[in-house]
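Q: I am new to this structure and would like a close look at a single part of it. Please take me through the salt bridges and tell me what surrounds them.

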Amino acid sequence: MGTALITGASSGLGAEFAWQLATDRHDLVLVARRADRLESLAEAIRNVTGVQVEVLVRDLADRAQIDDVVGRIGATERPVGLLVNNAGFGMGRRFLRSTIEREEHALDVMVRAVLVLTHAAARSMSARGRGAILNVSSMAQGTAMGSYAAHKAWVRAFTESLSSELAGTGVTATVSLPGFVRTEFHEAAGMKTDAWPGIAWLSAEHVVTESLAAVRRRQVIVVPSLRYKAAAIALGVAPRALVRVITGARSHSRSHSGA
């Protein structure tokens with residue numbers, strides 16, 4: 001079934017990707033910063049599914065540590081056939097109230113790491129004539145919700161461009177645009193999750209199932225759930241001035257404890 005490498009694998013969507021892929025008999029390479037969580041997850045998956053699970057404890061904000069992951073992607077033994085660029089975190093505050101160090105850290109994890117790892121995977125997979133890359137963006141990419149939205153907009157545009165370049169190579173590129181997902185993501189960012197109605201929230205299981213199904217269909221863009229598909233259409237046709245009013249930082253300050 002091949003080997004899948006997942007970044008941000010220690011919790012949330014990353015852990016769900018790991019479980020679903022392992023259940024489908026993929027061997028795994030799990031990448032994240034938290035060694036205890038990664039080891040615990042890896043052991044549980046091995047015990048339940050019997051697949052091989054490697055653990056790479058790496059910080060994707062550190063270029064030298066990214067290069068370690070690049071080395072694993074390029075390995076000829078148990079080659080990576082699916083790369084899932086999932087690592088990321090919410091900013092939790094407006095750009096002008098954030099530090100430049102935190103902003104650069106986010107850029108490194110959610111843009112630079114995606115760029116570097118995708119480059120390595122696309123070249124390696126193209127040489128073999130098969131493979132898939134799944135980049136996790138966000139519905140935020142169509143909004144005016146700060147630098148996080150900008151990072152995720154880059155991921156979406158980058159993946160679309162990559163998919164065109166990969167045509168005919170046997171390698172595919174897919175980008176997933178989930179909305180609000182019930183994970184630790186929002187709490188870690190200091191966001192007040194009760195500011196949003198229950199209908200806005202998706203389960204990690206649903207998002208991952210829809211995203212992996214899109215990869216299998218060789219689909220370029222996937223928006224998990226009908227409600228967010230409708231929202232994506234609305235964002236696409238609405239005047240950008242209106243989008244800025246509705247989704248800009250000031251209109252959403254109520255959902256951030258540090259905004």
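A: What follows begins with the chain as a whole, turns to the salt bridges, and ends with the nonpolar parts.

The model is a predicted one, and its protein chain has nine helices and nine strands. Of the 259 residues in the chain, 51% count as buried, while the accessible surface comes to about 12000 Å², with 55% of that surface belonging to carbon and sulfur atoms. When contacts between residues at least 6 apart in sequence are considered, 69% of them join residues at least 24 apart.

A search of the whole structure finds nine salt bridges, and three of them can be followed here one by one. In one of these, aspartate 27 pairs with arginine 78, and the closest N and O atoms are 3.8 Å apart. Aspartate 27 belongs to strand E2 (residues 27-32), whereas arginine 78 sits in the loop between helix H3 (63-73) and strand E4 (80-85), so this pair ties together parts that are 51 residues apart in sequence. Aspartate 27 and arginine 78 are both buried.

Another salt bridge joins arginine 72 to glutamate 54, and here the closest N and O atoms are 2.8 Å apart. Because arginine 72 lies in helix H3 and glutamate 54 in strand E3 (residues 53-57), the pair ties together parts that are 18 residues apart in sequence. The two partners do not share one class of exposure: arginine 72 has a relative accessible area of 10% and is therefore buried, under the 20% cut-off, whereas glutamate 54, with a relative accessible area of 22%, is partly exposed.

Helix H3 also takes part in a salt bridge through aspartate 68, whose side chain meets that of arginine 58 at 3.0 Å, N to O. Arginine 58 is placed in the loop between E3 and H3, so this pair ties together parts that are ten residues apart in sequence. Arginine 58 is partly exposed, with a relative accessible area of 24%, and aspartate 68 likewise counts as partly exposed, at 37% relative accessibility. Salt bridges that share partners also join Asp27, Glu54, Arg72 and Arg78 into one network.

The nonpolar surroundings can be approached through leucine 30. Leaving aside neighbours within four places in sequence, leucine 30 is in contact with ten residues that can be listed in full: Ile6, Ala9, Ala18, Leu38, Leu41, Ala42, Val53, Glu54, Val55 and Leu56. Glu54 in that list is the partner of arginine 72 described above. Within the largest nonpolar core, which has 38 residues, Leu30 is one of those that touch the most other members, together with Ile6, Leu13, Phe17, Leu28, Ile45 and Leu82. Helix H1 (residues 12-23) gives this core its largest share, six residues. Apart from this core lies another, of 32 residues, and among them are Leu60, Leu83, Ala106 and Ala122.

Nonpolar side chains are also found on the surface, where Leu242, Val245 and Ile246 make a patch of about 290 Å². Valine 245 is found in helix H9 (residues 240-247), and with a relative accessible area of 61% this valine is exposed, since that value is over the 50% cut-off.

Note on methods. Residues numbered from 1 in each chain as written. Predicted model: local features only at pLDDT ≥ 70, side-chain atom pairs only at ≥ 80, totals over all residues. Heavy atoms only, no water. Patch = residues over 30% accessible without salt bridge, like charges linked within 9 Å, V, L, I, M, F, W, Y side chains within 5 Å. Areas by Shrake-Rupley, 256 points an atom, 1.4 Å probe, with all protein chains shown as cover. Salt bridge = Lys/Arg side-chain N within 4 Å of Asp/Glu carboxyl O. Helix = DSSP H or I, 4+ residues; strand = E, 2+ residues; numbered from the N terminus. Buried < 20%, exposed > 50% of the residue type's maximum accessible area, 1.4 Å probe, protein only. Core = buried A, V, L, I, M, F, W, Y, C linked by side-chain atoms within 4.5 Å. Contact = heavy atoms within 4.5 Å.
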